[in-house]
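Biologist: Could you take me through this model with the reasoning behind each reading? I would like to end each step on a value or a name.

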Amino acid sequence: MKEQKKVLGEERRTFLLQLLKESGQPITGGDLAAKTNVSRQVIVGDITLLKARKEPIIATSQGYMYLHQASPASSAERVIACHHDPARTEEELNLLVDHGVTVKDVRIEHPVYGDLTASVMVSTRQEVKQFMDKIKATKASFLSELTDGIHLHTLSAASERKLDEAEKLLKEAGFLIDQE
């Protein structure tokens, strides 16, 4: 069996960028490491360098993604304010993705650190399941646990109408903070 050659430095970062740009799906750090014959930690450093160069790469629960310019498929975007306990997170995310909405991130206002934002990037039930499985497997806490369940989500969809429908359903299900 022939040993795979390491891809070095700038050549590796160029290759990683190409892989991410061409992929329509997130790619895990482990997969990128295997393709370049380096450690996952080297990939983390490479991604950090690429982000510092203003490359629009995000880390999601499913892996790294390159954010292409907004396409007509997701021309509407909105931030919503939610409040619920951690046990209802999967229900909230599924309600949104079932109605054609992508949950881009979660944001809280921490009393010490200020605004904290984490990428979520889920658009399907399968991605919600992967996100929830990763939370459980790593025993990670939800950001909203730091603020007694209060958090914001950035949502995107093909139209304002889809966002309006999803927001109405969230309100009916008791997820939205009452703005009255």
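**Helix faces, ion pairs and a pocket**

Modeller: On the face of H3 that is turned away from its buried side sit the exposed residues Gln41 and Ala52. Please keep in mind throughout that this is a predicted model.

Biologist: Which residues of H3 are buried, and within what arc do they fall when seen down the axis of the helix?

Modeller: The residues of H3 that count as buried are Ile43, Asp46, Ile47 and Leu50. An α-helix has 3.6 residues a turn, so residues three or four places apart point the same way. Looking down the axis of H3, one finds that its buried residues line one face of the helix, because they fall within an arc of 100°.

Biologist: How far apart are the end C-alpha atoms of H3?

Modeller: H3 has 13 residues, and at 1.5 Å a residue these should span 18 Å. The model agrees with that expectation, since the C-alpha atoms at the two ends of H3 are separated by 18 Å.

Biologist: Turning to H1, which residues are buried there, and which exposed residues does the face turned away from the buried side carry?

Modeller: H1 has 14 residues and reaches 20 Å from its first C-alpha to its last, close to the 20 Å expected. Its buried residues are Arg12, Arg13, Leu16, Leu17, Leu19 and Leu20. These cover an arc of only 160° around the axis, which means that they lie on the same side of H1. The face of H1 turned away from that buried side carries the exposed residues Glu11 and Glu22.

Biologist: With which residue does Arg12 form a salt bridge, and how many residues apart in sequence are the parts that the pair ties together?

Modeller: Side chains of opposite charge can pair when their charged atoms come close. Arg12 forms a salt bridge with Asp46, and the closest N and O atoms are 2.4 Å apart; both Arg12 and Asp46 are buried. Because Arg12 lies in helix H1 (residues 9-22) and Asp46 in helix H3 (residues 40-52), the pair of Arg12 and Asp46 ties together parts whose separation in sequence is 34 residues.

Biologist: Is Arg78 buried or exposed, and which residue meets its side chain in a salt bridge?

Modeller: Arg78 has a relative accessibility of 16% and therefore counts as buried, the cut-off for that class being under 20%. The salt bridge of Arg78 has an N to O distance of 2.8 Å, and the partner is Asp164. The pair links distant parts of the chain, 86 residues apart, with Arg78 in strand E3 (residues 76-83) and its partner in helix H6 (residues 160-172), namely Asp164.

Biologist: How far apart are the closest N and O atoms in the salt bridge between Arg88 and Glu91, and which residues are joined into one network by salt bridges that share partners?

Modeller: Arg88 is partly exposed, with a relative accessible area of 22%, and Glu91 is likewise partly exposed, at 40%. In their salt bridge, the closest N and O atoms are 3.0 Å apart. Salt bridges that share partners make one network, joining Glu10, Arg12, Arg13, Asp46 and Arg53.

Biologist: Where is Lys54 found, and near what value is the phi of Asp148?

Modeller: Lys54, which is exposed with a relative accessible area of 71%, has a phi near 70°, a positive value in a residue other than glycine, and is found in the loop between H3 and strand E1 (57-60). Asp148 has its place in the loop between H5 and E6, and at 68% relative accessibility Asp148 counts as exposed. The phi of Asp148, again positive in a residue other than glycine, is near 50°.

Biologist: About how much space lies in the second largest pocket, and which element gives the largest share of its lining?

Modeller: The second largest pocket holds about 360 Å³ of space and is lined by 21 residues, of which Ala118, Ser119, Phe131, Ile135 and Phe142 lie nearest its centre. By class, the lining has nine nonpolar, 10 polar and two charged residues. Helix H4 (89-97), strand E5 (114-122), helix H5 (125-138) and strand E6 (150-157) each supply at least two residues of that lining. The largest share, four residues, comes from H5.

How values were computed:
Residues are numbered from 1 along each chain as its sequence is written. This is a predicted model: local features need pLDDT of at least 70, side-chain atom pairs count only at pLDDT 80 or more; totals for chains, interfaces and linings use all residues. Side-chain values use heavy atoms; hydrogens and water are left out. On a 1 Å grid over the protein atoms alone, a cavity is a set of points where a 1.4 Å probe fits but cannot get out, and a pocket is an open set with protein on both sides within 12 Å along at least five of seven lines; lining residues have an atom within 4 Å of a point. Grid points are joined across faces, edges and corners, and a volume is the space filled by probe spheres set on the points. Ala, Val, Leu, Ile, Met, Phe, Trp, Tyr, Cys and Pro count as nonpolar, Asp, Glu, Lys and Arg as charged, and the others, Gly among them, as polar. A salt bridge is a side-chain nitrogen of Lys or Arg within 4 Å of a carboxyl oxygen of Asp or Glu. Buried means under 20% relative accessible area, exposed over 50%, partly exposed in between (1.4 Å probe, protein chains only). The expected span of a helix is 1.5 Å times one less than its number of residues. The arc is that of the directions from the helix axis to the C-beta atoms.
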